[in-house]
Amino acid sequence: MSVFQLQQGRVPLLISLPHVGTEIPPEIGERLVPRALISEDSDWHLERLYRPIAQALGASLIVPRYSRYVIDLNRPPDDQPLYPGAAGGTGLVPTRFFTDDPLYLDGAELDAAAVAARREAYWRPYHAALAAELARLRTEHGHALLFDGHSIRSELPWLFEGELPALNLGTADGAACAPAITERLAALLAGQTKFSHVVDGRFKGGYITRHYGQPGQGVHAVQLEMCQRCYMDEALDPRTAYDETAAAEVAPLIEQMLTEMLACNG
């Protein structure tokens with residue numbers, strides 16, 4: 001079975017959801033502490049939120065099968081830090097929960113060869129498909145748009161102080177997309193009052209946004225890190241915490257953001 005699922009669309013937009021996977025292969029799970037098998041730090045239910053939007057817009061959608069505890073698809077293959085000097089953070093193959101507790105049983109941590117094997121088995125196929133789909137869109141439409149969707153708990157002291165804004169838009173400080181895209185998305189967020197927001201704040205975009213966002217080559221990328229309070233009850237078990245009412249309020253805004261991107265012709 002493939003390590004990802006790709007739905008090809010008809011417009012020049014690809015939605016990537018690299019952290020929605022929740023499966024952990026048994027041979028990997030036996031190395032982890034029991035708590036890890038729930039995959040609590042996944043971007044829970046985000047595919048449920050985005051897939052109807054992608055279908056309505058005719059956008060492509062790529063989602064992984066496996067948990068970020070297996071490998072983090074939004075980290076560089078050489079495992080260089082995304083935010084040098086920042087407190088907390090996880091690597092290509094995470095070793096700690098977002099609470100700073102260890103993921104692996106004592107003595108079960110991976111060596112360099114095991115990390116390399118995971119990179120080949122899980123990371124490279126996803127990125128090969130992502131790159132190929134962007135190339136297809138650029139060939140067919142003259143440009144390609146990449147929207148990298150994420151979600152996170154509102155408060156995680158190991159990673160950041162206080163409570164995050166509800167919507168955190170990242171463009172690698174403007175390097176990953178044309179200025180017009182940043183301006184249109186920022187104006188849209190500023191024009192609503194339901195959700196707090198920031199542009200290029202704590203989350204400026206991970207590896208996917210920074211690597212594939214090449215506006216000079218006709219590929220424009222943005223990342224949206226959304227607090228899970230926007231569509232989940234964060235007090236509940238994440239597996240059953242989807243909030244239909246809350247999701248119905250944020251989904252139209254996400255669709256508007258994607259529509260604004262599509263209105264920019266590259």
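This note walks through some helix packings and a handful of residues in a predicted model.

1. Let us begin with two helices, H2 and H6. Helix H2 covers residues 46-57 and helix H6 covers residues 244-263; they pack with their axes 10 Å apart and at an angle of about 40 degrees. An angle from 35 up to 65 degrees falls outside the parallel and perpendicular classes, so H2 and H6 are oblique to each other. The crossing in which H2 passes H6 is right-handed.

2. Who meets whom in that packing? On the H2 side you will find Arg48, Leu49, Tyr50, Ile53, Ala56 and Leu57, and they meet Glu244, Ala247, Val250, Ala251, Ile254, Glu255, Leu258 and Thr259 of H6. Sorted by class, this contact of H2 with H6 holds ten nonpolar residues, three charged ones and one polar one.

3. Helix H6 also packs with helix H4 (residues 179-190), and here the angle is about 155 degrees and the axes are 9 Å apart. Angles over 145 degrees count as roughly antiparallel, so H4 and H6 are roughly antiparallel to each other. H4 passes H6 in a right-handed crossing. From H4, the residues making the contact are Ile181, Arg184, Leu185, Leu188 and Leu189; from H6 they are Leu253, Gln256, Met257, Glu260, Met261 and Ala263. Eight of the residues in the contact of H4 with H6 are nonpolar, two are charged and one is polar.

4. Now have a look at Leu169, which sits in strand S5. Is Leu169 buried or exposed? Its relative accessible area is 0%, and anything under 20% counts as buried, so Leu169 is buried. Setting aside neighbours within four places in sequence, Leu169 is in contact with Leu185, Leu189, Val198, Val199, Asp200, Phe203, Val222, Gln223, Leu224 and Met257. Leu185 and Leu189 come up in the H4 part of the contact between H4 and H6, and Met257 in the H6 part. Arg239 is 70 residues from Leu169 along the chain, and their C-alpha atoms are separated by 25 Å.

5. Thr209 is another residue to find on screen; it belongs to helix H5 (residues 207-212). Thr209 is buried, its relative accessible area being 0%. Beyond residues up to four places away in sequence, Thr209 touches Asp148, Gly170, Ala176, Ala221, Val222 and Gln223. Val222 and Gln223 are also among the contacts of Leu169.

6. For a strand residue, try His220 in strand S7 (residues 219-227). It is buried, with a relative accessible area of 2%. Leu134 lies 86 residues from His220 in sequence, and the C-alpha to C-alpha distance between them is 10.0 Å.

7. Two aspartates deserve a check of their backbone. Most residues other than glycine have a negative phi. Asp173, however, has a positive phi of about 55 degrees although it is not a glycine, and phi of Asp200 is likewise positive, near 55 degrees. Where do the two residues sit? Asp173 is in the loop between strand S5 (167-170) and H4, while Asp200 is in the loop between strand S6 (197-199) and H5. Their surroundings are unlike: Asp173 counts as exposed at 53% relative accessibility, whereas Asp200 counts as buried at 14%. Asp200 is also one of the residues in contact with Leu169.

8. Thr99 gives a view of a longer-range meeting in the loop between strand S3 (60-64) and H3. Thr99 is partly exposed, with a relative accessible area of 37%. Not counting residues up to four places away in sequence, Thr99 touches Arg35, Arg153 and Trp158. With Arg35 there is a polar contact from side chain to side chain, at 2.9 Å. Arg153 is 54 residues from Thr99 in sequence, and 11 Å from Thr99 in space, C-alpha to C-alpha.

9. Last comes Arg136, found in helix H3 (residues 112-141). Which side chain makes a polar contact with the side chain of Arg136? The partner is Glu133, at 2.7 Å. With residues up to four places away in sequence left out, Arg136 touches Gln8, Gly9 and Ser60.

Notes
Residues are numbered from 1 along each chain as its sequence is written. This is a predicted model: local features need pLDDT of at least 70, side-chain atom pairs count only at pLDDT 80 or more; totals for chains, interfaces and linings use all residues. Side-chain values use heavy atoms; hydrogens and water are left out. Helices (H or I, at least four residues) and strands (E, at least two) are DSSP runs, numbered from the N terminus. Buried means under 20% relative accessible area, exposed over 50%, partly exposed in between (1.4 Å probe, protein chains only). A polar contact is a pair of N or O atoms within 3.5 Å; within protein, one must be able to donate a hydrogen and the other to accept it, and residues adjacent in sequence count only if both atoms are side-chain atoms. Contact means heavy atoms within 4.5 Å. Axes are lines fitted to C-alpha atoms, for helices over the stretch in contact, and angles run from 0 to 180 degrees between N-to-C directions. Angles under 35 degrees count as roughly parallel, over 145 as roughly antiparallel, 65 to 115 as roughly perpendicular and the rest as oblique. A crossing is left-handed if the near helix is turned anticlockwise from the far one by less than a right angle, and right-handed if clockwise. Ala, Val, Leu, Ile, Met, Phe, Trp, Tyr, Cys and Pro count as nonpolar, Asp, Glu, Lys and Arg as charged, and the others, Gly among them, as polar.
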